Amino acid sequence: MSTVVPLSAQLINLFAAVILLLAFAMLAQRRVLPLINLFALQGLTLCLSTLVVAFSTGQAHLYGSAALTLVLKALLLPWILHRLVRKLQVKSDVEGLVNIPTTMLIGIVLVMVAFNVALPISQLASTISRGTLGIALASVMLAFLMMIVRTKAIPQVVGFLAMENGLFLAATSATYGMPMVVELGIALDVLVGAIILGVFFFQIREQFDSLDIRHLEKLKER
Amino acid sequence: MDLFVLTLAIPLVSGLALAAAGERAWAPNLNLIASLGTFLASALLTAEIVAAGPRFAFGEMFFIDSLNVFFVALTAFVGLTTSIFSGPYMRNEREHGRLTAARLRLYKSMFQLFMFTMLAALTTNNLGILWVAMEAATLTTVLLVSLYRTAASLEAAWKYFILCGVGIAQALFGTILLYFAAERVLGETGNALLWTHLVGVKGQLEPTVMALAFVFLLVGYGTKVGLAPLHNWLPDAHAEGPTPVSAVLSGLLLNVALYAILRVKVLADGAIQSGFAGSLMMGFGLLTLTVAAFFLSRQKDIKRMFAYSSIEHMGLITFAFGMGGPVANFAGLLHMTLHSLTKSAIFFAVGHAAQKCGTQVMEDIRGLIKINPVIGWGLMLGTLAILGMPPFGVFASEFMILTHAMKHHPWATPILLTALGVAFAAIFGKVQPMVFGETHLKRLPHAPAITPVFVHLALVLMMGLYIPPYLVRWFHEAARMLG
């Protein structure tokens, strides 16, 4: 391994680190609106990192994915979520199943696990961004953790979407992105999913007068 | 016109048309005609593939061979009988005031789009598109599970969305890993996710990456198959959604998810060169079978009980494919077919029984044989068929799986026999009083569409006594493809 790391690789690693940091910030953020803003910021960072990979490798289709990320994850989805929060008049979210310091500690353990799982694969990879595969898997796991510890519907959905961000990063860092047709399909699914969830929120709200999903724990094996 | 294009286009176009037109008097008929059209197109397509061999469509985007054309035909057939069943069933629901016109419109259009996503998942050659179609299948059914807008149905739909969403995210990671392994061999063309290209180079794919990819894909798609321990969404979604949706979820969606795993298993087996993928599937299969069998006896809701029975059978089928080899694969494919037919027939009968008694609680459903002998016998015979009583076909496939397990994996036999025995005792003990007990209820306003129940059961009976030679050849060929 050479000691001189090219500037583009350094930039990619920097952006990946920012994405991981944002994943931790989302885990710690209790209020709904700042949470959505953090999610938008993560989308933006993802777009920038994809742009750098595209520029340094000359992979033309990655510009397309970067544009898709910008429109969908940095603008459209946060906008939909903002509208939902306003329409549903969601109060700030102040509780979780596990307190925040504990959550952060679990998060750190998850990051270590993710790096160990990703290590053999990133050694095989020949891409400029291979070092970020561990980070990608770590942000998937952190998003997953967020879905587990949050008890309100909107943070759970943000966790779900953040998981998709992590997967997208994994795809760019291991293989320079999936074929365009697949990426378009995934984007369509995410968008339709978000819209369906929006409809669904109104149904939950109509039924329970709240978006606390602890109301949704009646169906159990007795 | 190309039969394959028709098979995919009819449900897509009619789904959109039904959404645009709204609930009109002719909407149920359009739904029925569309399903009939899809079935006819798929039947002719099957005949074409059997005669002329596998082929591509739209360049190399879609690939139809003897394995998936068999699932396409089955899917279209159960789709057709479900739309026959749902006509009177949904009219009854509307008259009971449980559904409005707007929700019926949602139901019909989403039903057709659901059929489209499943057929697309089955026929696509691109493993990425397979993922997209599987996720779309979840999305089209989420709002159907919550169609009644009761507290319980909303909860079931939420659980369904979140659990399957998490599962499918694992599958996406698996697909990314698979693409990574493939790109090293096939290069950075768009072909690296095409199954037909992958299968040609499966021996050269990096084994460690493929093993990891298979684990993620098995857990991911396994969530949708209903494999333990991620099966929790399944009983809720089946019990709280409308019955036609339960029938297609149980009879079709689970099969499609399992089909996705089978396609990937062929690649993983070729790359890893050991029984890793098979052993993993056998383990998950046995765990699922056992967990489901022991939960069966604790159920109070009839649809919930049969949902657990679906989980149990999916476990058994996963186990069979895990054993691998021509006999076990043949038995697995046969069991998948028979389970689809029998379980959807049971859900049709259960739907009418629950509608008639106004409840899904088993203790309150009594004496079906007196209120409506046809429904009563339908439920009884369906139950006997799914429990594997001879002469129904399920007996044959279960017998093949059991004897194969005894011969090659004797350690699994006690687990299999115990689980099947426990399941038998639980289900039979509950269905018997529902059919033959005492009652005092009156008739339904709309005569139920009970023909589909008996058509399905007759097919299952026929397969137990005599499987037509062309069907045997077809199963053999599909089983051989699975290795």
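1. In this predicted model, a good place to begin is Glu183(B), which, once its neighbours within four places in sequence are left aside, is in contact with Thr175(A), Glu188(B) and Ala192(B). One of these partners, Thr175(A), belongs to chain A, whereas Glu183(B) itself is found in helix α6 of chain B.

2. Is Glu183(B) buried or exposed, and how far away is the nearest side chain of opposite charge? Glu183(B) is buried, yet it has no salt bridge, and the nearest side chain of opposite charge, that of Arg184(B), is 8.4 Å away. A salt bridge would need a side-chain nitrogen of Lys or Arg within 4 Å of a carboxyl oxygen of Asp or Glu.

3. The contact with Thr175(A) leads on to the interface between the two chains. Here 51 residues of chain B are in contact with 48 residues of chain A, and the two chains bury about 4,200 Å² between them, with 75% of that area on carbon and sulfur atoms. Glu155(B), Trp158(B) and Phe180(B) supply 18% of the area that chain B buries against chain A, which is more than any other three residues.

4. Which helices of chain B each supply at least two residues of the side that touches chain A? They are α5 (127-145), α6 (151-186), α8 (207-225), α9 (233-240) and α12 (302-323). The largest share, 23 residues, comes from α6(B), the helix in which Glu183(B) is found.

5. By class, the side of chain B that touches chain A has 29 nonpolar, 10 polar and 12 charged residues. Although charged residues are present on this side, the count of salt bridges between chain B and chain A is zero. Across the interface there are, however, five residue pairs in polar contact, with both residues at pLDDT 80 or more.

6. A separate point concerns Gln29(A), which is found in the loop between α1 (7-28) and α2 (32-57) of chain A. Why does Gln29(A) count as partly exposed? Gln29(A) counts as partly exposed because its relative accessibility is 23%, and that class covers values between the 20% limit for buried and the 50% limit for exposed.

7. As for its surroundings, Gln29(A) touches Pro34(A), Leu35(A), Leu38(A) and Arg150(A), when residues up to four places away in sequence are not counted. A polar atom of the side chain of Gln29(A) also lies 3.0 Å from the backbone nitrogen of Arg31(A). Finally, Gln29(A) and Leu110(A) are 81 residues apart in sequence, and their C-alpha atoms are 18 Å apart in space.

How values were computed. Residues numbered from 1 in each chain as written. Chains lettered and ligands numbered in written order. Predicted model: local features only at pLDDT ≥ 70, side-chain atom pairs only at ≥ 80, totals over all residues. Heavy atoms only, no water. Helix = DSSP H or I, 4+ residues; strand = E, 2+ residues; numbered from the N terminus. Buried < 20%, exposed > 50% of the residue type's maximum accessible area, 1.4 Å probe, protein only. Contact = heavy atoms within 4.5 Å. Polar contact = N/O pair within 3.5 Å; in protein donor to acceptor, adjacent residues only side chain to side chain. Buried area = accessible area lost by both parts, 1.4 Å probe. Nonpolar A, V, L, I, M, F, W, Y, C, P; charged D, E, K, R; others polar. Lys, Arg positive; Asp, Glu negative; His and termini not counted.
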